[in-house]
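Reader: I would like to learn how to read a model of two chains, taking confidence, contact and pockets in turn.

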2 protein chains.
Amino acid sequence: MVNYPNKKKNNHYTSMIEGKHNTAHRGMNLEEDINLTNEYYLSHDIAVIHKKPTPIQIVKVSYPERSSAKIVEAYFRTPSTTDYNGIYKGKYIDFEAKETKTLSFPFTNISLHQINHLDKVIHHGGIAFLIIAFTKVNEVYLLDASFMVEAYRKNDRKSLRYETIKEKGHLIRQGFLPRLHYLEIIDQYYCEVFK
Amino acid sequence: MVNYPNKKKNNHYTSMIEGKHNTAHRGMNLEEDINLTNEYYLSHDIAVIHKKPTPIQIVKVSYPERSSAKIVEAYFRTPSTTDYNGIYKGKYIDFEAKETKTLSFPFTNISLHQINHLDKVIHHGGIAFLIIAFTKVNEVYLLDASFMVEAYRKNDRKSLRYETIKEKGHLIRQGFLPRLHYLEIIDQYYCEVFK
């Protein structure tokens, strides 16, 4: 498969900013890119990583005629863990993915529950990180969760600057298939630590 | 905390069979017992294992007045993975939990997607298994996924008999806290294999 990093750079994440339904599209696209990447990893027998379903509180279900159950009242619940987890080279992988349109990552983008969850994963020997997409510059970074946990708990600021994430994180190579080569970074920076 | 294995044996799973809302209660209870067990493991810093949310296809969301989003049309989707996963002693853990009121485990209780998923987890070095509760005899077994995958694919029968699961699986000790001591079995039969 051929990668189109340059072409993509000009029309992918950035183009979403110009679209009419910015927020919805931006949010969906990083998620879609990660899902497609995970499908690629799965079908090529590289890793088994899935997005968890959105947690929903079901209040009312109806059974119209003979058809299957129809949920008629439900609400979104705050996730207590992260969106993605799975296994890669025998290692437990756990991460959260977030987009931001500004050149900073506000801590309000992630919940305390998720911070605590990532911290627990590290404590138990897993690989935990964040994938942060800066739509403005069309760059996606992998940031080790330990850095985020520490910064979040320090409580002396309300966000991480783009420059900090650029310095402390790792730029994820974008391509066609997989869209986001994030496991390359795990190979390079994590797997030797765990051996 | 004190365990009440004998007391429980007489009034827990079995009592549900006598209840009026058998199916609903039976299904909820194994799930509840596992959730409570996982909460115990989490709060005692033993393992980080969570139930994945039920996958739901959202069709229509309304935003009544100023309140938060209300889902007004949604449907249950077939899960492509298992219900539970997480990390224990640095190892990736993945399992599905099922109850049966007869003395056999029908293969219709588990989907081909889930069988394939468990197989992939094993292939990538994870610990994969099933937790099967026989409500009639109030016994809960941990059965290695590799045995289930093989039996399922052999296609020469439509279920596993209770006797087979008793022979090939491991009886999970029931208690008060945690309710189902399933990680004991991982310690005993899995962790040394992975060292």
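Author: We shall go through confidence, the contact between the chains, and then one pocket. This is a predicted model, in which local features need pLDDT of at least 70 and side-chain atom pairs count only at pLDDT 80 or more, while totals for chains, interfaces and linings use all residues. Residues are numbered from 1 along each chain as its sequence is written, chains are lettered from A in the order in which they are written, and side-chain values use heavy atoms, without hydrogens and water.

Reader: Where does pLDDT stay under 50 in chain A?

Author: pLDDT is the predictor's confidence in each residue, from 0 to 100, and where it is low the predicted coordinates should not be read in detail. Chain A averages 86, with 84% of its residues scoring at least 70, but the value stays under 50 over residues 1–11 of chain A.

Reader: How many salt bridges are there between chain B and chain A?

Author: A salt bridge is a side-chain nitrogen of Lys or Arg within 4 Å of a carboxyl oxygen of Asp or Glu, and between chain B and chain A the count is zero. Contact means heavy atoms within 4.5 Å, and here 35 residues of chain A and 35 residues of chain B take part.

Reader: Which residues lie nearest the centre of the second largest pocket?

Author: Rolling a probe the size of a water molecule over the atoms shows where empty space is left. On a 1 Å grid over the protein atoms alone, a pocket is an open set of points where a 1.4 Å probe fits, with protein on both sides within 12 Å along at least five of seven lines, and lining residues have an atom within 4 Å of a point. Of the 44 residues lining the second largest pocket, B:Glu31, B:Lys51, B:Lys52, B:Thr54 and B:Asp83 lie nearest its centre.
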